[in-house]
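Trainee: Please take me through one part of this model in detail. I would like to see how a few packed helices meet, and then how some single residues sit in the fold.

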Amino acid sequence: MDLLFAENSKRKTTELNHDAIKDLALQEILDDIAGNESNMIIVRDIMTRLPEDPDDIRYRQEIMKDFMNSESLVDAMEESLESVKTLKDYNSMKTKTFMTQDKGTLYTILENLRELAVFVNVTEDIVRILKSNDVKSTGLKRLLEGLEEAVNDEFFEKAKKDINKMLEDLSCVRGAIVGVNFSPDLNVQEVSAVEFVPYKIRSKYKFAEIAASISNIMNAAASTNSIGQPQVATKVVDPLLVTMTPLIEKHLKKHFVRLNTIMNSYVHLDSNNIIEMYEALIFYISMARFAKRLESIGCDIYMPKIRTKKNLSESEFNIKDIYNVRLVFAGEKNIVKNDFTFTPKEKLYILTGPNRGGKTIIEQAIGIVSVFASSGSFVTASSCTGLPFKNILTHFPIDENLTINYGRLGEEAVRIKEIVKETDDRTLILFNETYSTTSAEDGLYLSKDLLKVLKEKGSACIFNTHIHAVARSIEEMNGWKGESDFVSIIMEIKDNVNTFHVKRSEPDSCSYARNIAEKYGITYEQMIEEEDDSE
């Protein structure tokens with residue numbers, strides 16, 4: 001049962017590249033969501049493979065809503081996860097040992113019995129959980145129907161009875177009586193009899209413990225070197241156990257001939273429906289718990305309304321009161337929220353503003369919300385409508401140590417070339433200070449060439465730059481081929497204080513410079529005042 005893709009889905013996804021995962025700090029976010037490494041890997045794999053079909057996104061959203069609306073569903077499903085994982089592990093082990101394992105061995109028969117018992121129990125548990133929580137989503141309803149069909153199968157009920165009977169037969173064995181012939185020096189010569197009994201054997205002498213103690217003493221003495229320093233003792237194989245093992249297995253195999261026959265009659269019972277939903281359950285449970293945590297501290301979350309071009313342009317994406325969830329992790333109390341809209345006519349934004357004015361924070365927030373929306377999850381905003389992007393690409397500053405082969409500009413050129421190759425009209429690209437290490441004149445030339453290509457391709461982008469001449473060239477750039485216009489936006493400053501609000505405006509170089517100068521005390525007035533104070 002696939003809980004990640006709708007029925008008849010082509011299952012097409014676009015995988016986020018390493019740069020986007022790093023630049024958006026998704027690893028940090030997913031670590032916090034998942035709680036442990038194994039769950040994090042599963043959630044990351046799902047959230048960084050974005051479905052291309054809106055129907056798959058809506059399919060996931062419905063299931064996510066069921067989990068978010070019912071804490072009892074989350075708790076119960078989480079309890080059942082261990083059994084689902086056990087089934088998954090059994091299946092994996094069978095695949096690995098299929099070519100080498102004798103299907104008639106005692107070990108294999110017992111493993112098959114355990115697997116069948118887990119399958120029967122967890123199937124009934126999940127049916128009970130889904131029924132008692134009145135699920136609404138197409139995915140969970142289909143899962144319930146499929147599992148109910150399995151439970152109502154006559155073989156399923158017969159399997160339950162046979163499992164109970166077989167386990168009862170096995171549980172009656174409590175001990176074994178063994179006849180052993182020894183040589184004069186107490187070496188095992190022969191095991192003459194093995195009889196299994198339904199009670200534990202009580203010995204007058206704790207021979208095994210005594211023998212083990214003597215053996216340890218002798219081994220320790222034998223392993224001491226000439227100057228009295230003890231060496232690591234070599235593990236001694238128990239000859240009695242070695243001699244008994246084939247006889248015990250032979251005896252038990254006779255008892256399990258019937259067991260093997262019964263097990264073979266249930267090979268058609270397929271546990272794949274349970275196994276295949278393990279990763280999806282980890283995803284939904286982790287995200288539902290994360291949503292609950294955000295709501296408990298007063299953070300807005302919203303399930304996006306995914307639309308198509310039937311009632312909204314295919315490339316429109318609107319977000320209200322967006323915030324960067326990393327600020328929540330950092331314990332920020334007064335988080336500034338912003339609205340952002342991508343439409344066919346306005347999807348190319350030139351972002352300018354002061355250092356530490358919030359440009360990177362807002363870019364990350366838009367990227368993170370886009371990933372969440374595209375993966376079928378809720379978003380950190382008060383409203384979100386439209387069609388999410390099927391891919392998010394980023395170009396953020398890179399560690400200087402990684403530019404040794406090409407230099408900073410050469411490295412940027414290589415990465416930008418790959419970005420241009422990957423992008424299309426359903427891609428969002430986030431640029432952060434691209435071409436900032438070259439001269440303003442060269443940076444303007446290179447930026448305009450890049451933006452011209454993206455306009456023709458119909459991509460959406462936020463171009464965060466200190467090269468204000470790019471924003472001042474918007475009138476010229478809007479004359480280029482392509483449906484979307486460029487829009488100049490800035491990080492607002494009021495009374496020389498960063499507000500962290502985004503607003504439409506041409507860049508104000510003087511106010512940015514004044515803001516930075518005042519912050520670090522290097523305005524003319526501040527420096528003169530400091531000089532006067534020192535006299």
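Mentor: What follows is a close look at three packed helices, and then at a few single residues.

This is a predicted model. First, the setting. The protein chain holds 21 helices and 14 strands. Of its 535 residues, 44% are buried. Take the contacts with a separation of 6 or more: 75% of them join residues 24 or more positions apart. The accessible surface of the chain is about 29,000 Å². Carbon and sulfur atoms own 51% of that surface.

Now the helices. Two packed helices are described by the angle between their axes and by the distance between those axes. Start with helix 2, residues 26-34, and helix 3, residues 37-47. Their axes lie 9 Å apart, at an angle of about 125 degrees. Helix 2 is therefore oblique to helix 3, since the angle falls outside the 65 to 115 degrees that count as roughly perpendicular and is not over 145. The crossing of the two is right-handed. Which residues of helix 2 and helix 3 make the contact? Helix 2 gives Gln27, Leu30, Asp31 and Ala34. Helix 3 gives Asn39, Met40, Val43, Arg44 and Met47. By class, this contact of helix 2 with helix 3 has 5 nonpolar, 2 polar and 2 charged residues.

Next, bring in helix 13, residues 278-296. Helix 2 packs on helix 13 at about 95 degrees, with the axes 8 Å apart. That angle makes helix 2 roughly perpendicular to helix 13. From helix 2 come Asp32, Ile33 and Ala34. They meet Ser286, Met287, Phe290 and Arg293 of helix 13. The residues here divide into 4 nonpolar, 1 polar and 2 charged. Ala34 is listed in the contact with helix 3 and also in the contact with helix 13.

Helix 3 meets helix 13 as well. The two axes come within 9 Å and cross at roughly 95 degrees. So helix 3, too, is roughly perpendicular to helix 13. On the helix 3 side stand Asn39, Ile42, Val43, Ile46 and Met47. On the helix 13 side stand Tyr278, Glu279, Ala280, Ile282, Phe283, Ser286 and Met287. By class, the residues are 9 nonpolar, 2 polar and 1 charged. Some residues serve twice. Asn39, Val43 and Met47 of helix 3 touch helix 2 and also helix 13. On helix 13, Ser286 and Met287 meet helix 2 and also helix 3.

Turn to single residues, with Phe396 to begin. Phe396 sits in the loop between strand 10 (391-395) and helix 16 (407-422). Is Phe396 buried or exposed? Its relative accessibility is 6%, so Phe396 counts as buried. Phe396 and Ala20 are 376 residues apart along the chain, yet their C-alpha atoms are separated by 8.9 Å. Residues up to four places away in sequence aside, Phe396 touches Asp23, Thr360, Glu363, Gln364, Arg415, Leu430 and Asn432.

Follow one of those partners, Glu363. Glu363 belongs to helix 15, residues 359-374. Its relative accessible area is 0%, so this charged residue is buried. Setting aside neighbours within four places, Glu363 is in contact with Leu351, Phe396, Leu430, Phe431, Asn432, Ile462 and Asn464. Among these, Asn464 is 101 residues away in sequence and 8.3 Å away in space, C-alpha to C-alpha. Leu430 and Asn432 appear among the partners of Phe396 and also among those of Glu363.

Ile490 is a buried residue in a strand. Ile490 lies in strand 13, residues 485-494. At 6% relative accessibility, Ile490 counts as buried. Val502 is 12 residues from Ile490 in sequence, with 5.7 Å between their C-alpha atoms.

Last, two backbone points. Asn8 is not a glycine, yet its phi is positive, about 65 degrees. Asn8 is in the segment before strand 1 (13-15). Its relative accessibility is 76%, so Asn8 counts as exposed. Asp134 is not a glycine either, and its phi is also positive, about 50 degrees. Asp134 lies in the loop between helix 6 (106-132) and helix 7 (138-151).

Note on methods. Residues numbered from 1 in each chain as written. Predicted model: local features only at pLDDT ≥ 70, side-chain atom pairs only at ≥ 80, totals over all residues. Heavy atoms only, no water. Axes fitted to C-alpha atoms, helices over the stretch in contact; angles between N-to-C directions. Helix = DSSP H or I, 4+ residues; strand = E, 2+ residues; numbered from the N terminus. Parallel < 35°, antiparallel > 145°, perpendicular 65-115°, else oblique. Left-handed = near helix turned anticlockwise from the far one by under 90°. Contact = heavy atoms within 4.5 Å. Buried < 20%, exposed > 50% of the residue type's maximum accessible area, 1.4 Å probe, protein only. Areas by Shrake-Rupley, 256 points an atom, 1.4 Å probe, with all protein chains shown as cover.
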